[in-house]
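User: I have a model open and want a quick tour. Can you take questions as I go?

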Amino acid sequence: MGRNRAHIWFVGPAVLLMIVLLILPVFVAAALSFTDYSLGNSSFDWVGTKNYDALFSRSSYAKMFSASLTYVLLVVPISVALGLGSALLISSLRIGGELYKAVFFLPVMATLLAMAIVWEFALHPIVGIVNDVLSAGCDIGWLHALLSGSWLGRDPLSSWYGDGCADSFPLWLGDKDYALGTIAFIGIWQGFGFNMVLYLAGLTSVPRELYQAAQMDGADSAWERFKLVTWPMLGPTNVFVITISSIRSFQVFDTVEALTRGGPSKSTYVMIYAMFEKGVKQNLLGIGSAITIIFLGFVLILTLIQVYFVNRKVHYG
Amino acid sequence: MAGITLRQVTKKYGTLSVLNGIDLDIADGEFLTLVGPSGCGKSTTLRIIAGLEAQSTGDVKIDDRLVNDVRPSQRDLAMVFQSYALYPHLTVQQNLMTPLRMRDLNFWERLPLLGFLVPGRRAKMAQIEEDARKVAEALKIVPLLGRKPGQLSGGQRQRVALGRAMVRNPAAFLMDEPLSNLDASLRVHMRAELSELHRDLGATFVYVTHDQAEALTMSDRMAVMMDGDLLQLGPPDEVYEDPQDIRVAEFIGSPKMNILPGESDANGTITCLGLTLDEGLATPQPGKVSVGLRPEHLHVQPRETAECFSGRLTYKENLGSDLFLHLEMAGVENKAVIRAKPHEVDFAAVGETVWFKAESGRMRVFGTDGKRVALTAPDTKRKVG
Ligand SMILES: Nc1ncnc2c1ncn2[C@@H]1O[C@H](COP(=O)(O)OP(=O)(O)OP(=O)(O)O)[C@@H](O)[C@H]1O
Ligand SMILES: [Mg+2]
């Protein structure tokens, strides 16, 4: 028997580490989500599903779900489409592709927190360059006419731009109608280079002979070849890129923390930020853990969808 | 049905010249093989004919129509690729139908969902399915129609690729090493099948291979290419019997032709390894020559006689029906190879000296530039080598 125990010594440490470092924390979080524990307290009470009831009934958490989902639904499609588009354009270049790759990838490599500060300045309502440029355009007659639609005979004040010129341009991060969109814009700006790199890798694995076969078969335009070859062959990449983008978008935190802190009026109160605010800042570990568990649920669903597609739909073996 | 003509076609990649002026006339209905070692420009030539690659200079004509600026799909050619290049996400049936859908359906009819609303699409689709089915029947792949390429064996994929080329009834078929991914026995089988297909269809076949056995067995004419040059064009037996260039002589034939060093004097008499040969140069010119002799034209002698070559036997390669003797000869760089019947050379043992003679009238002599030089008829006064 003694000899047969050897395997425990080989497998045991790895399994133990996995349990302690990866699986246990999830269970601890799950357990905590049913308590009112605060860090430093010597005891806690089981409160049943009270934390979850709060999550699904209070309006601030409704705003949290809506902010997170809106952010994901804005950032994922646009950053995926931009990533694919730029990858297609770059891969068709004969020269200069490396430069574009590096430039588009820069925001991915840059520290988002540092970049957030730059954006904060740029978007400042009074001294920011964005509104400066916009209002500079108001004084150029033809540009104003073009952007406000008055050259079509429309009332300039009825258009977004004309109204901005007459009144004032948005406060961006300070306006609850614009803040989430602005954060999403920064997320897209930051993330599409990553998708582009993934798509570029996917494109290199499409056999050249397939394109030639498509050309022989009569797919004369680039669009036809894209439909017949590129898009289907990118299937696995698509699933991966969309899943990764979705998870990364659900995880958005640093721009929110640096620029809006969940405001104004909770319009950018995304899940991870809520988790941070409740669990860390306010030391309400119970509700923080409940958010964590819901968040993990979202990620799990996304992962399962990915697994389904990868296994069933896009691998042609 | 179409003939294909290449006129002074060159191809350069940057400064690298890959084709140096190819002239080629492919007759209507011919099975022409482009053969040559790896990297000699066969695929490039084929892709230029197909229009997948633009030539640097020169003209490509199909049936006397200049097609230099014509798109691949408008040239009415079909191509079979080495990797088959089947669309992996489509079933065999959809693969077969793709060229027809591209040709027969217009943009609106090809749109997903919306296309179904276009009047007349159903009739067209029915015709396309019918055509694809006919081809599938001819190639005996009907049971595979619902499968995807990933679920097929190499030979089955090969058939589907052929089918996809056939559905459009193209004027000519271009094939780039279509058999090289198959195992040996299937390859031999498919050779016969391709020849049969060529007979049935009567279409022009341009077939690229680096396997000389395929070239010799299947083609009406073969074009031997090397380093971007077309060295010789002719029927297989002519290329085999009468190589015009020493590189062709060495490339075609297995085992390859033995090349022995020789020297000719001012009268045109050739001496080779100390023996005087029975044929001389038609236009005498003193200098070095290369004497080419095929393994089957060398005959082992039971004992040393006058005017015999000799060499030390290093290896007996037994193929059952034939036996190849590998000989080390003084003054010859490569080992000489003799083809013999096993019973004829029982006495020869590895390590011993073997004597052999060359069959009269079989030697091919090449000058220092590698080109064939003409010989006089065998002369009885000259000694038999
Ligand atoms: N896109 C390219 N850029 C530069 N050189 C190329 C390119 N395509 C082919 N070549 C070169 O052209 C030469 C001929 O290539 P080709 O593919 O025609 O060879 P091949 O005769 O078909 O060889 P194989 O039997 O190995 O397929 C090779 O030396 C190859 O390196
Ligand atoms: Mg090739």
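Analyst: Yes; we can cover the ligand site, one residue beside it, and the contact between the chains. One thing up front: this is a predicted model.

User: Ligand first. Which residues surround ligand 1?

Analyst: The surrounding residues come from chain B. There is a run of S38(B), G39(B), C40(B), G41(B), K42(B), S43(B) and T44(B). Y13(B), V18(B) and E177(B) complete the set.

User: What lies 2.5 Å from an oxygen atom of ligand 1?

Analyst: An N or O atom in the side chain of T44(B). E177(B) also offers a side-chain N or O atom, at 3.1 Å from a ligand oxygen.

User: And G41(B), what does it put 3.0 Å from a ligand oxygen?

Analyst: A backbone N or O atom. G41(B) has another partner too: its backbone oxygen is reached by the side chain of T45(B) at 2.7 Å.

User: Where is T45(B) found?

Analyst: In helix 1 of chain B, which covers residues 42-50.

User: Is T45(B) buried or exposed?

Analyst: Buried. Its relative accessibility is 2%, and the cut-off for buried is under 20%.

User: What is T45(B) in contact with, leaving aside neighbours within four places in sequence?

Analyst: Four residues of chain B: L6(B), L19(B), L34(B) and M225(B).

User: Switching topic. How many residues does each chain bring to the contact between A and B?

Analyst: Chain A gives 20 and chain B gives 28.

User: What area is buried between chain A and chain B?

Analyst: About 2100 Å². Carbon and sulfur atoms account for 59% of that. On the chain A side, E209(A), M216(A) and D217(A) supply 33% of the area that chain A buries against chain B. No other three residues give more.

User: How many salt bridges cross the interface?

Analyst: Two. In one of them, D217(A) pairs with R164(B), with the closest N and O atoms 3.8 Å apart.

User: Which elements give two or more residues to chain A's side?

Analyst: Helix 10 (208-216) and helix 11 (222-233) of chain A.

User: What kinds of residues are on that side?

Analyst: The side of chain A that touches chain B has 11 nonpolar, four polar and five charged residues.

User: Last one. How many residue pairs are in polar contact across the interface?

Analyst: Six, counting pairs with both residues at pLDDT 80 or more.

Key. Residues are numbered from 1 along each chain as its sequence is written. Chains are lettered from A and ligands numbered from 1 in the order in which they are written. This is a predicted model: local features need pLDDT of at least 70, side-chain atom pairs count only at pLDDT 80 or more; totals for chains, interfaces and linings use all residues. Side-chain values use heavy atoms; hydrogens and water are left out. Helices (H or I, at least four residues) and strands (E, at least two) are DSSP runs, numbered from the N terminus. Buried means under 20% relative accessible area, exposed over 50%, partly exposed in between (1.4 Å probe, protein chains only). A polar contact is a pair of N or O atoms within 3.5 Å; within protein, one must be able to donate a hydrogen and the other to accept it, and residues adjacent in sequence count only if both atoms are side-chain atoms. Contact means heavy atoms within 4.5 Å. Buried area is the accessible area (1.4 Å probe) that two parts lose on being put together, summed over both. A salt bridge is a side-chain nitrogen of Lys or Arg within 4 Å of a carboxyl oxygen of Asp or Glu. Ala, Val, Leu, Ile, Met, Phe, Trp, Tyr, Cys and Pro count as nonpolar, Asp, Glu, Lys and Arg as charged, and the others, Gly among them, as polar. A residue is near a molecule or strand if one of its heavy atoms lies within 4 Å of it.
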